[in-house]
Amino acid sequence: MSSAGLPESFDPTVAAREAFAWSGNVPVSDFTRLAGMLVSTSGMVQVRLQAALSADQRPAMTIRLAAHLEQFCQRCLQPVTVVIDHEHTVEWVADATALERLDALGDDSGADAVEYLPMPDPAAVSTLVFVEDELILSLPIVPMHEDCALPVAVADTADDHPFAALAQLKTLKH
């Protein structure tokens with residue numbers, strides 16, 4: 001077991017067959033790659049994992065994440081709270097041709113409800129890495145406040161302008 005009772009890894013097929021389910025809180029500080037994208041690593045991420053066999057009998061995992069994370073606003077560079085409320089389903093596919101076919105079908109339908117991944121070899125998925133990947137993908141591309149209090153630029157007076165002295169030289173007559 002790793003962080004907060006989260007299983008270290010899982011075999012997608014075994015987890016689906018046994019209808020594996022886990023729910024709990026994981027400290028934000030446990031996600032090392034995510035930490036570099038945040039202002040603070042304090043707080044918890046609520047994680048819910050539910051494995052099952054899909055209608056096509058492929059192993060699937062639905063992940064649900066909820067958290068309040070602090071990132072830097074890209075307008076004002078001050079901390080902004082990003083609310084994560086993310087649910088995503090992944091299905092593992094055994095062979096590459098089936099994966100390509102399913103990916104092509106997904107592109108045609110426009111639905112992104114299910115993501116298809118190749119079955120890992122050996123069949124072990126690191127749970128913490130799986131959750132961290134989903135957290136990173138759920139972050140906004142450009143975090144921003146709804147309304148930033150940007151500093152107001154003060155208009156330069158002619159005397160403060162660095163080239164004000166040059167303007168005086170233009171008025172001098174030889």
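**Exercise 1. Is Arg58 buried or exposed, and which residue does Arg58 pair with in a salt bridge?**

Step 1: start with accessibility. Arg58 comes out at 14% relative accessibility. The cut-offs are under 20% relative accessible area for buried, over 50% for exposed, and partly exposed in between (1.4 Å probe, protein chains only). So Arg58 counts as buried.

Step 2: look for the partner. Arg58 forms a salt bridge with Asp56, with 2.9 Å between the closest N and O atoms. The criterion here is a side-chain nitrogen of Lys or Arg within 4 Å of a carboxyl oxygen of Asp or Glu.

Step 3: check the other end. Asp56 has a relative accessible area of 54%, so Asp56 is exposed.

A quick word on the input: this is a predicted model, where local features need pLDDT of at least 70 and side-chain atom pairs count only at pLDDT 80 or more, while totals for chains, interfaces and linings use all residues. Residues are numbered from 1 along each chain as its sequence is written, and side-chain values use heavy atoms, with hydrogens and water left out.

**Exercise 2. Which residues are joined into one network by salt bridges that share partners?**

Step 1: get the total. There are seven salt bridges in the structure.

Step 2: take Arg48 and Glu87, whose side chains form a salt bridge at 3.9 Å, N to O. Arg48 sits in strand E3 (residues 44-53) and Glu87 in strand E5 (residues 79-93), so this pair ties together parts 39 residues apart in sequence. Strands are DSSP runs of at least two residues, numbered from the N terminus.

Step 3: take Arg64, which forms a salt bridge with Glu87 too, the closest N and O atoms being 3.8 Å apart. This pair links strand E4 (residues 59-72), home of Arg64, to strand E5, with the two positions 23 residues apart in sequence.

Step 4: put it together. The network consists of Arg48, Arg64, Asp85 and Glu87.

Step 5: add accessibility. Arg48 is partly exposed at 42%, Glu87 is partly exposed at 47%, and Arg64 is partly exposed at 28%.

**Exercise 3. How many disulfides does the structure hold, and how far from Cys73 is the nearest cysteine sulfur?**

Step 1: apply the cut-off, a pair of cysteine sulfur atoms within 2.5 Å. The count is zero disulfides.

Step 2: check Cys73. Its nearest cysteine sulfur belongs to Cys148, 3.3 Å away, and Cys73 is in no disulfide. Cys73 is buried at 0% relative accessibility.

Step 3: check Cys76. The nearest cysteine sulfur is that of Cys73, at 3.7 Å, and Cys76 is in no disulfide. Cys76 is buried as well, at 17%.

Notes
Helices (H or I, at least four residues) and strands (E, at least two) are DSSP runs, numbered from the N terminus.
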